Amino acid sequence: MADVTRSANLAGDEGGMNYLERLPWRLVTIYLPLAIFVFVLLFPFYWMAITAFKPNEELTDYKNFSPFWVVRPTFDHIRYLLFETSYPGWLLNTVLISVAATFLSLIASIFAAYSIERLRFQGARTVGLAIFLAYLVPPSILFIPLAVMVFKLGLYDTPFALILTYPTFLIPFCTWLLMGYFRSIPYELEECALIDGATRWQILTKIVLPLAVPGLISAGIFAFTLSWNEFIYALTFIQSSENKTVPVGVLTELVRSDVYEWGALMAGALIGSLPVVILYSFFVEHYVSSMTGAVKE
């Protein structure tokens, strides 16, 4: 009799937990929050897309046209952006500057993070903390002394002005990120390599860096994104239209006094965001696969 009662109670408990799997409960706890999140995340891209393909009369006439979809799509704004402005040059400048600044920052960050985490010199933690604090300094303060240096070196209005100043905020961030990945690699691997006669350079290139691939990918993606979206330095150090980057060129060349070319602005913002989106979507799989191969203590 006791066994029957215990079985009934167990079945009742199981039945009582089944309400968590019912559709109304899942709708409230899972699907509704996900729908809100996706809407908030993707609506700006949707708005940019429909604005880029709307003709001018639909952009201003809300009485006859809905602002949330396109009735007669057109490519006039994209055609104007690509063939009547310097946008292709801005896009090329942004790519070259971002890639060069990211490459220089990663090289410097690898050496800095390795020396701080693996060489164990006195004051290494203090240096690491100082590097992180340097990243917290806002660019609105740094661009004033950097502007003086750029002018004195004759780099004003050249891509090198941005390539050499972007690492001032990229290196601290990448170094702090790589320090955490280097810290997770067992010291025993280096000790065994040193016993076998390997040099520090061989240890770095053949042991540490292959095991820190997830950190390198993460640091590279974030550094490229920060370089791509940077605005203050690009606005301060670049003047000529042909040398501008996408964030600065779209804002300064497509806004004339109180006239906003919304179609071209949204098309420029949409096209300018695609390289970053493609970069993230391409490397996410590599990032996850690299994490599965990480070394564990």
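## Pockets and aromatic pairs in a predicted model

The second largest pocket of this protein has a volume of about 220 Å³. Fifteen residues might sound like a lot to picture, so here are the ones to look for: of the 15 that line this pocket, Thr51, Leu59, Tyr62, Trp262 and Gly263 are the closest to its centre. Two or more lining residues come from each of helix H2 (23–52), helix H3 (56–60) and H15. H15 gives the most to this lining, with 4 residues. Please keep in mind that the model is predicted.The largest pocket has a volume of about 330 Å³. It is lined by 15 residues, and those closest to its centre are Asn229, Gly268, Ala269, Gly272 and Ser273. Here the elements that give two or more residues to the lining are H12, helix H14 (246–253) and helix H15 (262–292). H15 provides the largest share of this lining, 9 residues.

The two linings can be set side by side by residue class.

| Pocket | Nonpolar | Polar | Charged |
|---|---|---|---|
| Largest pocket | 11 residues | 4 residues | no residues |
| Second largest pocket | 8 residues | 5 residues | 2 residues |

Now to the rings. How many aromatic pairs does a search of the whole structure find? The search finds 15 aromatic pairs. One of them joins Phe173 and Phe222: the ring centres are 5.8 Å apart and the planes stand at 75 degrees, over the 60 degrees required, so this pair counts as edge-to-face. Phe173 belongs to helix H9 (residues 167–183) and Phe222 to helix H12 (residues 213–229), so the pair ties together parts that are 49 residues apart in sequence. Is Phe222 itself buried, partly exposed or exposed? With a relative accessible area of 39%, Phe222 is partly exposed.

Helix H12 holds another pair, made by Phe224 and Trp228. Their ring centres lie 5.6 Å apart with the planes at 35 degrees, so this pair is tilted. Both residues sit in helix H12, 4 residues apart, which is about one turn of the helix. Phe224 has a relative accessibility of 12% and counts as buried, because that value is under 20%. Trp228, at 3% relative accessibility, counts as buried too.

Elsewhere, ring pairs link Phe39, Phe43, Tyr46, Trp47 and Phe68 into a cluster. Trp47 also has a charged partner: the charged end of Lys54 sits over the ring of Trp47, 5.9 Å from its centre. Arg118 is placed in a similar way, lying over the face of Tyr187 at 4.1 Å from the ring centre.

Finally, a look at the whole protein. The fold has 15 helices and 2 strands. Which share of the 297 residues counts as buried? That share is 35%. Among contacts with a separation of 6 or more, 71% are between residues 24 or more positions apart.

Key: Residues are numbered from 1 along each chain as its sequence is written. This is a predicted model: local features need pLDDT of at least 70, side-chain atom pairs count only at pLDDT 80 or more; totals for chains, interfaces and linings use all residues. Side-chain values use heavy atoms; hydrogens and water are left out. Rings of Phe, Tyr and Trp (its six-membered ring) pair if their centres lie within 6.5 Å; planes under 30 degrees apart count as stacked, over 60 as edge-to-face and the rest as tilted. Buried means under 20% relative accessible area, exposed over 50%, partly exposed in between (1.4 Å probe, protein chains only). A charge sits over a ring if NZ of Lys or CZ of Arg is within 6 Å of the ring centre and within 35 degrees of the ring normal. On a 1 Å grid over the protein atoms alone, a cavity is a set of points where a 1.4 Å probe fits but cannot get out, and a pocket is an open set with protein on both sides within 12 Å along at least five of seven lines; lining residues have an atom within 4 Å of a point. Grid points are joined across faces, edges and corners, and a volume is the space filled by probe spheres set on the points. Ala, Val, Leu, Ile, Met, Phe, Trp, Tyr, Cys and Pro count as nonpolar, Asp, Glu, Lys and Arg as charged, and the others, Gly among them, as polar. Contact means heavy atoms within 4.5 Å.
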